[in-house]
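Here's a walk through one chain, starting from a single charged side chain and working outwards. Keep the viewer open and follow along.

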Amino acid sequence: MATTEATERAADDTTTDTTEQPGGERPQDVPPEVKRALSKANKEAETLRLKLKEYEDRDKSEAEKTAERLTAAEQRAEQAELRALRLEVAAEKGLTPAQAKRLVGGSREELEADADEIREAFPAAAAAERRTPRPDPSQGVRGGKPMSGAEAGRAEAQKRFGTKPTVT
């Protein structure tokens, strides 16, 4: 008997409303308090999903920023290494720093070959740069004694004009 009453109630429920809600329940089976709580929970879940997406996008952009900074740092390091290698090769080949800037190549062998070509093309310039500068006679010690400012000026005048200045 109990089974027939339950069957009749189930039949009545199906005949009154056959539309089911997403949870598999029919609207008359869910009390209004539960509907309100479910609606509120769905809104909160949607808000949280949006916040999570926002955080993921922010993290993603931070990762992209970090990757860009890493790439830029690697490029700067590569350029600095190549600049140092150019100067090193130029010093070994007797070139000036200005000539070193013009060396072309990505490896030591290429830079050395280019330095050799520059030396062949401009032998006089390379030789002139390697000359040792003469010391300034107005600087330093004269006859074991340091020169005064006036003595240094006289020595410079004598050097330039070939005569001793007269002091009045």
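**An acid without a partner**

Let's start with Asp114, which is buried but takes part in no salt bridge. The nearest side chain of opposite charge belongs to Arg86, and that is 7.4 Å away. A salt bridge here needs a side-chain nitrogen within 4 Å of a carboxyl oxygen, so a pair at that distance doesn't qualify. Leaving aside residues up to four places away in sequence, Asp114 touches Arg102, Leu103 and Val104. Bear in mind that this is a predicted model.

So where does this aspartate sit? Asp114 is found in helix H4, which runs over residues 108–121. H4 has 14 residues and reaches 20 Å from its first C-alpha to its last, close to the 20 Å expected at 1.5 Å a residue. Asp114 has company on the inside: Leu111, Ala115 and Ile118 of H4 are buried too. Look down the axis of H4 and the buried residues fall within an arc of 105°, so they line one face of the helix. The general reason such a pattern can arise is that an α-helix has 3.6 residues a turn, so residues three or four places apart point the same way. Helix H2 (32–93) and helix H3 (97–101) are among what covers the buried residues of H4. Turn to the face pointing away from that buried side and you'll find the exposed residues Glu109, Glu117 and Glu120.

While Asp114 goes unpaired, other charged residues of H4 do find partners. Side chains of opposite charge can pair when their charged atoms come close. Asp116 forms a salt bridge with Lys93, with the closest N and O atoms 3.1 Å apart. That pair links distant parts of the chain, since Asp116 is in H4 and Lys93 is in H2, 23 residues apart. Asp116 counts as partly exposed, at 31% relative accessibility.

Arg108, also in H4, pairs with Glu92 of H2, and there the closest N and O atoms are 3.3 Å apart. Those two residues are 16 apart in the chain. Arg108 is partly exposed, with a relative accessible area of 25%. Both residues belong to something wider: Glu88, Glu92, Arg108 and Glu112 are linked in a network of salt bridges.

For a local pairing, go to Arg49 and Glu46, which both lie in H2, three residues apart, or about one turn of the helix. Their closest N and O atoms are 2.8 Å apart. Arg49 is partly exposed at 49% relative accessible area, and Glu46 is partly exposed at 37%. Across the whole structure, a search finds five salt bridges.

Now zoom out. The chain has six helices and two strands, and from the N terminus on the elements run α-α-α-α-α-β-β-α. Of its 168 residues, 14% count as buried. Among contacts between residues at least 6 apart in sequence, 16% join residues at least 24 apart.

How far can you trust all this? The chain averages a pLDDT of 76, and 65% of the residues score at least 70. Confidence is highest in H4, at 92, and lowest in helix H1 (residues 2–16), at a mean of 45. Over residues 1–18 the pLDDT is below 50, and this stretch has seven contacts in the model beyond near neighbours in sequence. Where pLDDT is low, the predicted coordinates should not be read in detail.

Technical notes
Residues numbered from 1 in each chain as written. Predicted model: local features only at pLDDT ≥ 70, side-chain atom pairs only at ≥ 80, totals over all residues. Heavy atoms only, no water. Helix = DSSP H or I, 4+ residues; strand = E, 2+ residues; numbered from the N terminus. Expected span 1.5 Å × (residues − 1). Buried < 20%, exposed > 50% of the residue type's maximum accessible area, 1.4 Å probe, protein only. Arc of directions from axis to C-beta. Contact = heavy atoms within 4.5 Å. pLDDT = per-residue confidence, 0-100. Lys, Arg positive; Asp, Glu negative; His and termini not counted.
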